[in-house]
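Please keep the model open in your viewer and follow the selections below in order, since each stop prepares the next.

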Amino acid sequence: HSVMLQEGARFFSNRGHIEHDEMIGREEGFPIASSIGGEYLVFRPLLSEFVVAMPRGAAVVYPKDSAQILTFADIFPGAHVIEAGVGSGALTCSLLRAVGPLGRVSSYERREEFAEVARRNVTRFFGGEHPAWQLTVEDLVAGLEASGERADRVILDMLAPWECIPAVADALLPGGIVCV
């Protein structure tokens with residue numbers, strides 16, 4: 001069962017109920033018994049589970065697609081990745097996992113409402129602000145030109161990606177990869 005924990009709430013099943021307060025704040029992987037003795041193990045959702053259930057503002061990049069993007073773009077630990085078209089933040093979560101604690105993901109999103117949904121989803125999945133993530137609400141071309149940012153990889157999940165090629169070419173480090 002996937003359950004969003006809320007203070008004072010209960011989870012009900014045919015095996016009794018469990019108080020959310022008994023689960024909130026605990027480390028994952030613990031056993032818990034329901035009101036009538038049903039036994040459960042409590043875990044945080046896997047990224048793949050979270051993505052298919054996350055709130056959406058825009059289309060979501062599903063796990064089967066994000067796996068291919070990570071593979072074909074050769075996203076590696078320590079990489080700096082520029083992402084354009086954040087949508088709901090599903091691919092962003094996968095990119096952050098792949099670059100690891102020494103990498104960086106710079107995301108650009110034109111629409112504030114999509115950026116806000118992505119910000120909430122990424123923060124919710126990682127349990128707080130992710131230190132390797134920078135979200136900029138701005139057009140990618142304008143943002144790259146203003147920042148002078150350079151990256152190992154660029155992921156363009158957006159309408160009309162061809163309009164960004166000159167700016168992306170300037171931002172890409174030698175040997176870098178663009179994935180559209």
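Select phenylalanine 126, which is partly exposed because its relative accessible area of 25% falls between the limits for buried (under 20%) and exposed (over 50%), taken with a 1.4 Å probe on protein chains only. This is a predicted model, in which local features need pLDDT of at least 70 and side-chain atom pairs count only at pLDDT 80 or more, while totals for chains, interfaces and linings use all residues. Residues are numbered from 1 along each chain as its sequence is written, and side-chain values use heavy atoms, with hydrogens and water left out.

**The aromatic cluster**

Add phenylalanine 125 and phenylalanine 50 to the selection, because Phe50, Phe125 and Phe126 form one aromatic cluster, where rings of Phe, Tyr and Trp (its six-membered ring) pair if their centres lie within 6.5 Å, and planes under 30 degrees apart count as stacked, over 60 as edge-to-face and the rest as tilted. The structure holds 3 aromatic pairs. In one of them, phenylalanine 50 and phenylalanine 125 have ring centres 5.1 Å apart and planes at 45°, so this pair is tilted. The pair links distant parts of the chain, with phenylalanine 50 in helix H1 (residues 47-53) and phenylalanine 125 in helix H4 (residues 112-126), 75 residues apart; helices here are DSSP runs of H or I with at least four residues, strands are E runs of at least two, and both are numbered from the N terminus. Phenylalanine 125 also pairs with phenylalanine 126, edge-to-face, at 5.1 Å centre to centre and 85° between the planes. Phenylalanine 50 and phenylalanine 125 are both buried, the latter with a relative accessible area of 5%.

Now pick proline 45, in the loop between strand E4 (39-42) and H1. Leaving aside neighbours within four places in sequence, proline 45 is in contact (heavy atoms within 4.5 Å) with Phe50 and Phe125. Proline 45 and phenylalanine 125 are 80 residues apart in sequence, yet their C-alpha atoms are 8.6 Å apart in space. Proline 45 itself counts as partly exposed, at 38% relative accessibility.

**Helix H3 and the cysteines**

Is helix H3 enclosed or open to the outside? Select residues 90-99: 9 of the 10 residues of this helix are buried, so H3 is largely enclosed by the rest of the structure. The buried set includes Leu91, Cys93, Leu95, Leu96 and Val99. Just after the helix comes glycine 100, whose phi is positive, near 70°.

Stay with cysteine 93, which is buried with a relative accessible area of 0%. Why does its sulfur have no bond to another cysteine? The closest cysteine sulfur, in cysteine 179, is 17 Å away, too far for a bond. Moving to cysteine 179, the closest cysteine sulfur is in cysteine 164 at 14 Å, again too far for a bond, and cysteine 179 is buried at 16% relative accessible area. With a disulfide taken as a pair of cysteine sulfur atoms within 2.5 Å, the count comes to 0.

**Three loop positions**

Go next to arginine 15, in the loop between strand E1 (10-13) and strand E2 (16-19), where its 38% relative accessibility makes it partly exposed. Not counting residues up to four places away in sequence, arginine 15 touches Ser34, Ile36, Gly38, Glu39 and Tyr40. Its C-alpha is also 9.3 Å from that of alanine 33, which lies 18 residues away in sequence.

For the remaining two loop stops, recall that most residues other than glycine have a negative phi. Aspartate 74 has a positive phi of about 55°; this residue is in the loop between helix H2 (63-72) and strand E5 (80-84), and is partly exposed at 42% relative accessibility. Alanine 160, with a positive phi near 55°, is in the loop between strand E8 (151-156) and helix H6 (165-171), and is buried with a relative accessible area of 17%.

**The whole chain**

Finally, clear the selection and view the protein chain, which has 6 helices and 9 strands and a C-alpha trace spanning about 65 × 30 × 25 Å along its principal axes. Of its 180 residues, 45% count as buried. Among contacts between residues at least 6 apart in sequence, 55% join residues at least 24 apart.
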